[in-house]
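The following exercises invite the reader to examine a structure step by step. Each task is followed by a worked solution.

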Amino acid sequence: LAAYLEEAVRSHVPTMPIDETFRSKDAIAGAVQARVADRIRPYGYHLVRVLVTDVEPDAKVRRAMNTVLEAKRRREATLDKAEAQKYSEIKKAQGRAESMYPS
């Protein structure tokens with residue numbers, strides 16, 4: 001039974017985007033139940049419910065995810081810094097323009 005369940009999880013999870021894997025435990029459970037229930041019925045078992053309690057990615061996957069998140073944060077910080085610099089330059093230019101034409 002454990003082999004059927006593990007095989008069903010291993011075949012379904014790679015078809016999902018990584019972020020969705022963590023958010024949709026119910027979808028994983030439903031897919032596993034649909035796949036395993038038919039396979040164990042000939043042996044006299046009835047699968048009532050599949051419960052996915054935790055999604056634990058491999059250490060390599062976690063490192064890769066952390067690298068992606070770090071790159072995303074750096075990109076956002078760079079964009080924020082550039083936007084702030086742009087705003088500052090615009091204000092300086094407006095100040096210079098206003099000082100050339102006194103009211």
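**Burial and overall form**

In this predicted model, buried residues account for 15% of the 103 residues in the protein chain.

**Exercise 1.** Determine how the radius of gyration of the protein chain compares with that of a compact globule of 103 residues.

*Solution.* Step 1: for a compact globule of 103 residues, a radius of gyration near 13 Å would be expected. Step 2: the protein chain has 27 Å instead. Step 3: the span of the C-alpha trace along the principal axes is about 90 × 30 × 20 Å. Step 4: the accessible surface amounts to about 8600 Å², and carbon and sulfur atoms hold 56% of this area.

**Exercise 2.** Describe the secondary structure of the protein chain and state where confidence is lowest and highest.

*Solution.* Step 1: the protein chain contains four helices and zero strands, giving the pattern α-α-α-α along the sequence. Step 2: the mean pLDDT of the chain is 87, with 99% of its residues at 70 or more. Step 3: confidence is lowest in helix H2 (residues 18-23), where the mean is 78, and highest in helix H4 (residues 59-100), where the mean is 92.

**Exercise 3.** Identify the largest nonpolar core and the helix that gives the most to it.

*Solution.* Step 1: the largest nonpolar core has 12 residues in all, among them Ala8, Met16, Ile28, Val32, Leu47 and Val55. Step 2: helix H3 (residues 25-40) gives the most to this core, namely six residues. Step 3: as a general background, nonpolar side chains in soluble globular proteins tend to be buried together.

**Exercise 4.** Decide whether Ser24 is buried or exposed, and describe its surroundings.

*Solution.* Step 1: Ser24 lies in the loop between H2 and H3. Step 2: the relative accessibility of Ser24 is 14%; because buried means under 20%, Ser24 counts as buried. Step 3: the side chain of Ser24 reaches the backbone oxygen of Glu20 at 2.6 Å. Step 4: beyond four places in sequence, Met16 touches Ser24, along with Thr21 and Ile28.

**Exercise 5.** Classify Phe22 by its accessibility and list its contacts beyond four places in sequence.

*Solution.* Step 1: Phe22 belongs to helix H2. Step 2: its relative accessibility is 29%, so Phe22 counts as partly exposed. Step 3: apart from neighbours within four places in sequence, Phe22 is in contact with Val55, Pro57 and Met65. Step 4: Val55 is also one of the residues of the largest nonpolar core. Step 5: Phe22 and Val32 are 10 residues apart along the chain, and their C-alpha atoms are separated by 15 Å.

Conventions:
Residues numbered from 1 in each chain as written. Predicted model: local features only at pLDDT ≥ 70, side-chain atom pairs only at ≥ 80, totals over all residues. Heavy atoms only, no water. pLDDT = per-residue confidence, 0-100. Helix = DSSP H or I, 4+ residues; strand = E, 2+ residues; numbered from the N terminus. Core = buried A, V, L, I, M, F, W, Y, C linked by side-chain atoms within 4.5 Å. Buried < 20%, exposed > 50% of the residue type's maximum accessible area, 1.4 Å probe, protein only. Contact = heavy atoms within 4.5 Å. Polar contact = N/O pair within 3.5 Å; in protein donor to acceptor, adjacent residues only side chain to side chain. Rg over C-alpha atoms; globule rule 2.2 N^0.38 Å. Areas by Shrake-Rupley, 256 points an atom, 1.4 Å probe, with all protein chains shown as cover.
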